[in-house]
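Could you walk me through this one while I have it open in the viewer? I'd like to know what to select next and what I'll find there.

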Amino acid sequence: MNLNKSWKSVLVITVAIYVVSFIVGILIHAVIPQTETPDKLIVPQSYLQQISAMKTISIEDAYSNYTGNSAVFIDARDNAEYREGHIKGAINIPYDRFQQVYPQFKKLLTKDKKIITYCHGTGCGLSVDVAKDLMAIGYTNVYVMTEGWPGWINANLPISVGKEP
Amino acid sequence: MERKCVINFALMRPVIILVLRVILGIVFVVAAYGKLLHPDALVSTVINFNILPLGLAKIFAETLPWIEMIGGIMLIIGFGTRGASFALGWLLVSFIIAIWINIHRGVSMDCGCFDLFGMNEKIGSAILIRDVVFLIVAIALVFTKEFMLSIDTVLERKTIK
């Protein structure tokens, strides 16, 4: 067998496998129904006013903080929702129990740390409430991840289920 | 005595190659099946490896199981065997690099290699060595001219005739 020719067929087959796999992968992904994006929520005016006064952060930037281990994530939803699933490593400070729960995490939340709060996504004010509570006691480096839990899930980013962060 | 051993090995060689080829094929098909069952977990794993940017990681996660599935089946039936081994070999190189980088980062993470039977391996030197062994087999197959019990051999004989 001509060696040059046989290597050529090896390369052709390899490229063919990669190309076919890529196409099949993309097609299957397109066919399988996606998790619904709650982007059609009607965002209340009061929320827009609240959020305009806060520092916000996108999913992408929050994720780069996540990988760089340079921020603490706070889940502002209630504990039952937190247990159903949350950002991997996020701590849970429910918006209505800030005074009771905050002391548990006081050591973790040093004032120089970047803090990112989140809840049910666009239109959800719980993360704003927790961020305000934190700012009221002297934290300055607080960000609200407005796209929240649905945004994180839709981006397929690391999550954790159960009561552990 | 020594001569006899050499002859025996020469006779055994096609059989050994056949066994290695089929085993490697089955390994990849099983790995692909587990990944196809849990697409979300695979995307998370690839992202958690933290090597590719987000967009590329998703594309890689969508493509990867199909390369394993198609390549694995081709190895088992012996069709385009050398090409399939070459394709899977490069995949193994990417796995080895990715695992090696993350071991050096000191990260403990799910390997995501075989997402089946609740297998939940963590990356480590054992998995690195396993992938290197698979890679050696794949390289050996790329440099093999004839495959026993393969479609390749049947087709080649037909063209010669």
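Here is a tour through chain A and then chain B. Keep in mind that this is a predicted model.

**Stop 1: chain A as a whole**

Select chain A and switch to cartoon. You'll see seven helices and six strands. Trace the chain from the N terminus and the elements come in the order α-α-α-β-α-β-β-α-β-α-β-α-β. Color by accessibility next: chain A has 165 residues, and 40% of them count as buried. If you display contacts between residues at least 6 apart in sequence, 73% of those in chain A join residues at least 24 apart.

**Stop 2: helix H6 of chain A**

Now select residues 126–136 of chain A, which make up helix H6. Which residues of this helix are buried? Show side chains for Leu126(A), Ser127(A), Val128(A), Val130(A), Ala131(A) and Leu134(A), and you have them. Then step past the end of the helix to Gly138(A), which follows H6(A) and has a positive phi, near 105°.

**Stop 3: a loop residue in chain A**

Go on to Asn156(A), in the loop that links helix H7 (148–154) to strand E6 (159–160) of chain A. Check its backbone: phi is near 60°, which is positive even though Asn156(A) is not a glycine. Is Asn156(A) buried or exposed? Its relative accessible area is 17%, so Asn156(A) is buried, the cut-off being under 20%.

**Stop 4: the disulfide in chain B**

Over to chain B. Pick Cys111(B) and Cys113(B) and show them as sticks: a disulfide joins the two, with an S to S distance of 1.6 Å. How many disulfides does the structure hold over all chains? Just one. Both ends are tucked away from the surface by the numbers: Cys111(B) is buried at 6% relative accessibility, and Cys113(B) is buried at 15%.

**Stop 5: H2 against H3 in chain B**

Select residues 39–49 (helix H2) and 54–77 (helix H3) of chain B; their axes are 9 Å apart and the packing angle is about 130°. That angle makes H2(B) oblique to H3(B). The crossing is right-handed. For the contact, show Leu42(B), Val43(B), Val46(B) and Ile47(B) on the H2(B) side, and Leu54(B), Ala57(B), Lys58(B), Phe60(B), Ala61(B), Leu64(B) and Pro65(B) on the H3(B) side. By type, that contact has ten nonpolar residues, no polar ones and one charged.

**Stop 6: H4 against H5 in chain B**

Next, select residues 81–105 (helix H4) and 125–142 (helix H5) of chain B, whose axes come within 9 Å and cross at roughly 160°. At that angle, H4(B) and H5(B) are therefore roughly antiparallel, since angles over 145 degrees count that way. This crossing is left-handed. To see the contact, show residues including Phe86(B), Leu92(B), Phe95(B), Ile99(B) and Trp100(B) from H4(B), and Ile127(B), Leu128(B), Phe134(B), Leu135(B) and Leu141(B) from H5(B). Arg82(B) of H4(B) and Asp131(B) of H5(B) are also among the contact residues. What is the mix of residue types here? The contact divides into 16 nonpolar, three polar and two charged residues.

**Stop 7: a loop residue in chain B**

Finish at Leu149(B), in the loop between H5 and helix H6 (151–160) of chain B. Leu149(B) is another residue other than glycine with a positive phi, near 50°. Turn on the surface here: at 68% relative accessibility, Leu149(B) counts as exposed.

Conventions
Residues numbered from 1 in each chain as written. Chains lettered and ligands numbered in written order. Predicted model: local features only at pLDDT ≥ 70, side-chain atom pairs only at ≥ 80, totals over all residues. Heavy atoms only, no water. Buried < 20%, exposed > 50% of the residue type's maximum accessible area, 1.4 Å probe, protein only. Helix = DSSP H or I, 4+ residues; strand = E, 2+ residues; numbered from the N terminus. Disulfide = S-S within 2.5 Å. Axes fitted to C-alpha atoms, helices over the stretch in contact; angles between N-to-C directions. Parallel < 35°, antiparallel > 145°, perpendicular 65-115°, else oblique. Left-handed = near helix turned anticlockwise from the far one by under 90°. Contact = heavy atoms within 4.5 Å. Nonpolar A, V, L, I, M, F, W, Y, C, P; charged D, E, K, R; others polar.
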